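Please read the points below with the model open beside them. They concern the site around the ligand, one pocket and the enclosed spaces.

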Amino acid sequence: MQFSKLVDSYEKLEAVSSRLKMIEILTEVLKESGKGEISKIVYMTQGTLLPAFEGAEFGVAEKLVEEAIAVATGFTKEQVDADFKKTGDLGLTAQRMRENSKLKSMRARSNTVSDVYDTMRKVAATSGQGSKEGKITLLANMFASATPAEAKYIARYPLGQLRLGVGDATILEALSAMSTGNRESKSMLEEAYNICSDLGEVAETLLEGGVEAIKSMRVSVFKPIRPALAERLPTAEQILERMNGMAAVEHKYDGFRLQVHKSGKKVRLFSRRLEDVTDMFPDIIAATLAEVKDEKIIFEGEAIAYNEATKEFLPFQETIQRKRKHGIAEKAEELPLHLFAFDLMYLGNKDWLKEPYKKRRAELEKILSKGKRIIPTTKIITKSPKELESFFEEAIEEGLEGIMTKDLEAPYIAGARKFSWIKLKRSYKGELSDTVDLVIIGYFLGKGSRAEFKFGGLLGAVYNEKRDMFETVSRIGSGFTEVQMTELEKLLGKTKTKTKPARVDAVVEPDFWVYPKYVVTVMADEITKSPTHTCGREKQKDGTEVGYALRFPRLVGDTAIRQDKSPEEATTTKEIIEMYGQQKKVGVKES
Ligand code: AMP
């Protein structure tokens, strides 16, 4: 496929805000793509080079793209930079500079999608001494042979700022429409995606072998599985009722979720966002090799610093900070990292996802029976709400976050939030019993004492899975440190836009819109009904439209942005509505 054809579609995608229209445009593109090419189009549209677990980074900063534009167009670096300051988007600057280029076009022939993608892979692979010049040359050659519209996306792609507003769910629907003409195979494609975490591979498999080939895709070692997620309920009674009267109850550790993949002597670790974090945890690697004897295995757990003698836990964020301040070795000795394992997904060349929890758990306990650093989570099985409650209290006393209850008969449900796992967390008096994770979709300019930061707060949204849209739920104006305000302004300035991005549903107008990309954690007093927010918005009998909003929201945590969550992993509209229902039951007054 010609790159110009893909660029035409990207321009159309940027211009529409209807999700159905987006799916239509994408479907047309996918239909026309060939084998070996469709995965490249999928990765490009996702704004990545490869799936997250491959850890392929472009290694390209704005200054480098500016230099490449200058080389290709004959403008000076200063001129390019001055234009960028005006547009706020290097893509638009590249387009304008290409249009008014002082040099003759080097367009010998038009680029194909593969030409551009393969060159980007080369850009990413160029490292070491002289790599900056190497990257500039590769990018400059691409700019020189591009049309102005192509130049726009060649600049944006390696900076991770495509601005298409296309999420994974939209790509999955387009793939379904490509193969069956409708949404019919979407859930099957999603299941395949959940076990390999590689949308490019799903697309290639579909094109090559159709729906049958998708059905036969299986879990494999070194390809991370999208993690199962938990629902929440406020009381022990309600939890046991949902679990048909009996459940396993595990301690909930506030650590770092790790998926461990081992084959022979090779071990790789993946984060909750499916990034390869193997290099971050040499101690967990060593412990896996020493304590887990099975040839091939995939299991999952929570890594946390823990002192066995004193039974002291250290929340992971603090562990990381202390590591920075006091040196790793010293701390590691005092509070060594442990991995509290809670699930088993693959063993003995067999996919265990469909086995019931009780069987997966029994096998995991057998495997880890002699473990010292890798041990199963503390657990009971109970029918009694009283026993569940006292186990919860015990967990809190030990300094843990709460508990996780698990349905004994349920399979491992990859990539989804289901009632087969239900969490119960420490509740703060008069406050919501849990924090919420919001996607930043806009921000406000500072007034008064905030004016100097050019930052006066965020507009936060939750994710509506059904609509695949981001719906606003709150303005967040407090909880920020001065450092955080400066950093947020700098970061958001790069993805701001004058018009509302696709997939954002809002009534409130921020000073700047931001492409949904960053997630922050917020604590609030309660959830109220609100006419100004679009979260769960419904028409009332009197004709007015009312949604849900957070009351007195404030940012929590030292690091503003949650690096471990993508926008689609933020709190969902459904969860907010459930939390609203739950707070009424536990007696929080409606204002
Ligand atoms: P939350 O992030 O509050 O939605 O809670 C879900 C997270 O709790 C998971 O992603 C895990 O990282 C973590 N977790 C801690 N202990 C457990 C456990 N025993 N079982 C499952 N997840 C756990």
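1. A polar contact is taken here as a pair of N or O atoms within 3.5 Å, and within protein one atom must be able to donate a hydrogen and the other to accept it, while residues adjacent in sequence count only if both atoms are side-chain atoms. By that rule, an N or O atom in the side chain of Lys-423 lies 2.4 Å from an oxygen atom of the ligand.

2. On the basis of the note: this is a predicted model, in which local features need pLDDT of at least 70, side-chain atom pairs count only at pLDDT 80 or more, and totals for chains, interfaces and linings use all residues. Residues are numbered from 1 along each chain as its sequence is written, and side-chain values use heavy atoms, with hydrogens and water left out.

3. Two backbone contacts deserve a look: a backbone N or O atom of His-251 is 3.0 Å from a nitrogen atom of the ligand, and a backbone N or O atom of Tyr-253 is 3.1 Å from a nitrogen atom of the ligand. The ligand on its own has 500 Å² of accessible area (Shrake-Rupley method, 1.4 Å probe), of which the protein covers 91%.

4. There are 14 residues around the ligand (a heavy atom within 4 Å), and Glu-250, Arg-257, Glu-302, Lys-406 and Lys-423 come nearest. By class, this shell has 4 nonpolar, 2 polar and 8 charged residues, where Asp, Glu, Lys and Arg count as charged, Ala, Val, Leu, Ile, Met, Phe, Trp, Tyr, Cys and Pro as nonpolar, and the others, Gly among them, as polar.

5. The second largest pocket (on a 1 Å grid over the protein atoms alone, an open set of points with protein on both sides within 12 Å along at least five of seven lines) has a volume of about 810 Å³, as filled by probe spheres set on the points. Its lining, meaning residues with an atom within 4 Å of a point, numbers 35 residues, with Thr-87, Gly-88, Asp-89, Gly-493 and Lys-496 nearest the centre. The lining is made up of 10 nonpolar, 8 polar and 17 charged residues. Because domain 1 (48-159) and domain 3 (436-585) both contribute to this lining, the pocket lies between them; the domain bounds come from an automatic or database domain assignment.

6. The structure also holds 6 cavities of 30 Å³ or more, a cavity being a set of points where a 1.4 Å probe fits but cannot get out. The second largest cavity contains about 50 Å³ of space, and its lining has 9 nonpolar, no polar and no charged residues, among them Phe-3, Met-44, Val-116 and Leu-162.
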